Amino acid sequence: MVAARITVNGEEAPLTPAATHTTALDFLRERGLTGTKEGCAEGECGACSVLVARPGVDRPTDWVAVNACLIPAAALDGQEVITSEGLAPAGTAAALHPVQEEMAARGGSQCGYCTPGFVCSMAAEYYRSDRCAHTERVEGAPQDGGADPAGSADAEHGPNGFDLHALSGNLCRCTGYRPIRDAAFAVGTPADGDPLAQRREQAPPAPVATEYVQDGRVFLRRHTLADTLQVLRERPDAVVIAGSTDFGVEVNLRARRADCVVAVDRLPELRELRVEPDSLVIGAALTLTEIERRLGGDVPLLAELFPQFASRLIRNGATLGGNLGTGSPIGDSPPVLLALEASVVLTDADGEREVPLADYFTGYRQSVRRPGELIRAVRIPLPLSPVVAFHKIAKRRFDDISSVAVAFALDVQDGIVRKARIGLGGVAATPIRSLAAEAVLEGRPWTAETVGAAARELRGEGTPMSDHRASSLYRSAMLGQSLLKLYARTTEAVSS
Amino acid sequence: MSHLSERPEKPVVGVSMPHESATLHVTGTALYTDDLVHRTKDVLHAHPVQVMKAHGRITALRTEPALAVPGVVRVLTGADVPGVNDAGMKHDEPLFPDHVMFYGHAVAWVLGETLEAARLGAAAVEVELDELPSVVTLRDAIETGSFHGARPVMVTGDVDAGLAGAAHVFTGELQFSDQEHFYLETHAALAHIDEAGQVFVQSSTQHPSETQEIVAHVLGLHSHDVTVQCLRMGGGFGGKEMQPHGFAAVAALGARLTGRPVRLRLNRTQDLTMSGKRHGFHATWTIGFDPDGRIRALDATLTADGGWSLDLSEPVVARALCHIDNVYRLPHARIAGRVAKTNKASNTAFRGFGGPQGMLVIEDIMGRCAPLLGLDPMELRERNFYRQGQTTPYGQPVLQPDRISAVWHKTLENGGVAERRREIDAFNAAHPHTKRALAVTGIKFGISFNLTAFNQGGALVLIYKDGSVLINHGGTEMGQGLHTKMLQVAATSLGIPLHKVRLAPTRTDKVPNTSATAASSGTDLNGAAVKNACEQLRGRLLQVAATELGANASDVRIVDGVARGLGSDRELAWDDLVRIAYFQRVQLSAAGFYRTEGLHWDAASFRGSPFKYFAHGAAAAEVEVDGFTGAYRIRRVDIVHDVGDSLSPMIDIGQVEGGFVQGAGWLTLEDMRWDATDGPHRGRLLTQAASTYKLPSFSEMPEEFNVTLLENATEEGSVYGSKAVGEPPLMLALSVREALRQAAAAFGPGGVAVELASPATPEAVYWAIEEARRGATSQAGHAGGGFTAGSDAGSGDVSGSEVGADAAASSGA
């Protein structure tokens, strides 16, 4: 096996002597690339944002911005990384990259500490292959039913197609963001010969089988699912990671040191997205960004979920498999997947089984998943119920942890609720369905009276707690309010 | 026009330009203290031994287990301190304490070859504690009489008579929690010892001179043995005014004992749990109004949560008292201030320094009382503005009351406020589940340190033979653009292009005895000192030029790097002039100095004129609130702010915008919570990470954000006619809170006081809506029960008390 190495700003760098838990952030800083900063070490502030070359959605390669503080350096074996120091074309020390130019000229930096991270997140959006200016979109061919890649020019989208959500994982304490928004909305398109733009046309770096050992600990990546499952059988203590967006926090904030870490994020079997006659299969190791872009708006409830799920930087690493694997009761995807009646495809060296998500969770961060078993995919049955909503109640609109989350998937025909599925997060030790509210709704007319009765059931669901995010009273109230809000939306839509 | 405020021909000040380090920022090449570690050999890493109990006496501290951890080099304890074991200026802040005074208090530091080794070593240190009862909440401190420091009372007129004669009297209470600075760069220091045993500390500090002083006294050295340098900070906001000293001293002590460089950098959780924050306050008040809504008298007591040591709590309370009037005349007032002593990290300076807390109290009163007086909140506010000839409750004349009205009316005009209020009324009538509201508030913020002695600044300006200029001054750069302005000031006063001037990092061996870069005064003090030094140099060069040009020195001008005599075509280029001066043995360096004149302050009687001038501004904020959840958006904000004649418009607008959003964070989102239960983690900060303590992000930025600087606003007697800008705009965000209050009220029948907890989170707004819908004026509503349940009873009493109070109850004419 070749010694682990990472290509940083075009130069190969050996991984040694980094520890197996060393983050990409610390690895870069040890190499003197101190432009990449630590602000929080838990993927909340984006000061550590860097670009990595990944398999593209509609070009061979995408430049994807990720939190370097969360990714183990060993997970980048054989990969290509660009930092703020490496954005401008090599050999032109004085030159600035176009996003750097705009950030500098428009007052986008004050103390400058968050700036390199902003620049990297902005550069990723600059190179997003389906970003196109608002005017180009209007003049071009009509879009199909998918998500609008350019967005409309509104508070969150620039006339250049820049989606501000690309910066939702970056915090600035100085500027108040206005000049950063101006810079983002001013960047043009890559010039001919832009080396990072050209890089997108070549194949992405292949995943590299890695067996990186330091101080008796090992970081492993295997080429195939079968080999990976064999490792998991032999090492029941192994920690499985994909984007490492949860494990990275454990490493940094709670000093977790795993003896064996196994990366699964590049296994082809975990990266498929397939429409079958009666279901949609989503690979467990696809990043949320990949799902978001590849599905477009085809699953409206997921389309509502994604912009509210953490930040773009996190979605570029996080996976559905990870969100279900950690089993947090306040994960954002389970309420939605419960409402969609999803099931979980589990696999181990002996074979595969499928468990309805409603039966998957057994307790706080616990599930029916056995040691050695991997989540391979999530299956969503088709057709989808047409009336959907995802209400995430949180203090901050972007990138916050929910106090409660409520997902609705309702089938209302001729004014009668034929089917109702409601997923709840943040009200119990596990994500749950509100069977009581579903029962009140189903078979009844979609009226204020029915909705009021169901909302009362919702308010009684679970045992929400009081903590730093919200009081239990507010949490309970919001469960009911979510349904009233959905009802108001449907009736207002009719009346207008 | 005064000499200080006068601008010469073609000034470089006033030109809009980006931050002087912008190119370094965007390329990641700007260096911060901890970036130096990777450029330094053989560095040891320091890790704190934090004790996770709120209060107790240390009965045993065993360091041997740490020394057994591979890679651990040394454990620092109180026994190692050769000088004074204290990290503060009040001598109540032991660097290595024998009592744990708050949850997470560091009692020892472990030095390791790697940070990992130091961390493991710190975990191995054994600490035994005799636990003591703790005071965690401000309410508990008040009830048990746990206070420290001065207890000033500001009195003007006769408050009892004023209240007795008032047509309307209201009484109420307000409590609001702390705010974390959350500078993106956490506290950091890197110390080493040079060949002569001198100590050199790189520190992320707003106050290098005081860091130097404390490092010296901890090490038992003189100040001339210690040099402190601050390259730049990744944000400060007041959090690095007092708090860096102890961390720098630990690094310096480690370097001295081991002979190796020592790096100390807090991770985010250490920073959040160990360093102080903006003081939370509790306020009780009784206010009396005339029949037409003019304030007659205000009787209030403000209690600041000081935490375990005094730090800057006394001057913070003083500034809170000095700003409870904001833009309103208080004919009769009695305002008492005090500092609660609690078992929490020691609260400290934070942008505004008590001013925001004082202003929040009066604006909350105005917002609550307006409906009870039957007045529109804007009308009530405007009616109470200061007029010409009036003085503040502490006796300082309000010199520019016209500016209070000027920025207000300009804001109404720029924001199209009258028309938009009509649109909002129409929108609200058509939308039962969504309400909008627009509120306008103004500010008046006093500029200068309350303590007169701090109002001095120094500079050292060097001209080299080749004509290049290097400036040093006592101020530090934390993103506010001070260095940019200093470059502009130097170029302007020397009459040369900006590129001729470079600025050296702030060091205590260049300019001694500097004041903190704080109180918005960085530019006023250091700018005037730089200008003073440059003028000395210019005076000498004009003599040289006069001889060369055959003109009288007083008729020579240096503009754009060329000296000319008036009415003459003869020119002398700057570089030539400098070279000639050198050969004539003219001194080409100068130390500049400035002291703010006309200040006086008597802390005992709480009277005087502590401020050089007031900064003014007004903001109109429009919000939209969802009646189902209490969630909201800031739709539009218009601001007109008075920075005098701006030295650097892009920098100033950046300060206004950034301050506003930071203030909005304090008032709406940033929700510091502590464990106030009697459980094992009593006193623990619950929001000790970026995932639980949320700063404003893009989603909190006003969707439309228009900031205008007041025109023709020359400030007499300050550097090139400018005004300070660092702190004042933060308080413009009070407009957001008031807009949220009004939007919540719009869900109800109106005419009642709507109480709103601070921060006005979506939950707080939701409970305010619920109360407005009930049309209730005063009762313990959902909020009390909702917030006080469970583990966060500590901050629970934030809103519990407010809602529970008889805010708008009595009308006692």
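**View 1. The loop with Asp311(B), between strand S15 and helix H9 of chain B.** In this predicted model, Asp311(B) sits in the loop that links S15 to H9 of chain B. Asp311(B) isn't a glycine, yet its phi is positive, at about 50°. Most residues other than glycine have a negative phi. Is Asp311(B) buried or exposed? There are 28 C-beta neighbours inside 10 Å, so Asp311(B) counts as buried.

**View 2. Helix H9 of chain B, residues 313–322.** H9(B) is mostly covered, with 10 of its 10 residues buried. The buried residues include Glu314(B) and Arg319(B), along with Val316(B), Val317(B) and Leu321(B). Ser313(B) and Cys322(B) are also among them. What do these residues pack against? Their partners in chain B are strand S8 (153–156), strand S15 (295–305), strand S16 (332–340), helix H10 (355–373) and strand S17 (434–447).

**View 3. Two more helices of chain B, H7 and H3.** H7(B) covers residues 244–258 and has 15 residues. From its first C-alpha to its last, H7(B) reaches 21 Å, close to the 21 Å expected at 1.5 Å a residue. Since 13 of its 15 residues are buried, H7(B) is largely enclosed by the rest of the structure. Just after H7(B) comes Gly259(B), with a positive phi near 75°. In H3(B), residues 115–124, the buried residues are Ala117(B), Ala118(B), Leu120(B), Gly121(B) and Ala122(B). These pack against strand S1 (44–51), helix H2 (64–67), strand S3 (72–76) and strand S5 (105–112) of chain B.

**View 4. Where chain B meets chain A.** Here 68 residues of chain B are in contact with 69 residues of chain A. Which helices of chain B supply at least two residues each to the side that touches chain A? They are H1 (22–27), H8 (268–274), H17 (649–669), H19 (762–774) and H20 (782–788). H17(B) gives the largest share, 8 residues. By type, the side of chain B that touches chain A divides into 26 nonpolar, 30 polar and 12 charged residues.

**View 5. The cis bond before Pro759(B).** Ser758(B) and Pro759(B) are joined by a cis peptide bond, with omega about 5°. Most peptide bonds are trans. Look for Pro759(B) in the loop between helix H18 (734–745) and H19 of chain B.

**View 6. Chain B as a whole, as background to the close-ups.** Chain B has 21 helices and 30 strands. Its radius of gyration is 27 Å, close to the 28 Å that the globule rule gives for 813 residues, so chain B is as compact as a globular protein of that length. Along the principal axes, the C-alpha atoms of chain B fill a box of roughly 85 × 75 × 50 Å. Of the 813 residues, 65% count as buried. Among contacts in chain B with a separation of 6 or more, 80% come from residues 24 or more positions apart.

**View 7. Strand S3 of chain A and its partners.** S3(A), residues 49–55, has 6 of its 7 residues buried, so it is largely enclosed by the rest of the structure. S3(A) pairs with S4(A), residues 61–67, in the antiparallel sense over 7 bridges. The two form a hairpin with 5 residues between them. Which residue in S4(A) is the bridge partner of Arg54(A)? That partner is Asp62(A). S3(A) also runs antiparallel to S5(A), residues 80–82, and 2 bridges join them. In this pair, Val52(A) stands opposite Val81(A).

**View 8. Domain 1 against domain 2 in chain A.** Chain A is divided into domain 1 (1–205), domain 2 (222–384) and domain 3 (387–495). The centres of domains 1 and 2 of chain A, taken over C-alpha atoms, are 25 Å apart. Across the boundary, 26 residues of domain 1 are in contact with 24 residues of domain 2. S4(A) gives the most to the domain 1 side, with 4 residues. That side divides into 12 nonpolar, 13 polar and 1 charged.

**View 9. Two loops of chain A, at Pro383(A) and Asp399(A).** A cis peptide bond links Leu382(A) to Pro383(A), with omega about 0°. Pro383(A) is in the loop between S16 (374–381) and S17 (387–393) of chain A. Asp399(A) is found in the loop between S17 and S18 (404–413) of chain A. Asp399(A) has a positive phi, near 50°, in a residue other than glycine. With 29 C-beta neighbours inside 10 Å, Asp399(A) counts as buried.

Notes: Residues numbered from 1 in each chain as written. Chains lettered and ligands numbered in written order. Predicted model: local features only at pLDDT ≥ 70, side-chain atom pairs only at ≥ 80, totals over all residues. Buried ≥ 20, exposed ≤ 12 C-beta atoms within 10 Å, placed from the backbone. Pairing = 2+ DSSP bridges. Contact = placed C-beta atoms within 7 Å. Nonpolar A, V, L, I, M, F, W, Y, C, P; charged D, E, K, R; others polar. Rg over C-alpha atoms; globule rule 2.2 N^0.38 Å. Domains from an automatic or database assignment. Expected span 1.5 Å × (residues − 1).
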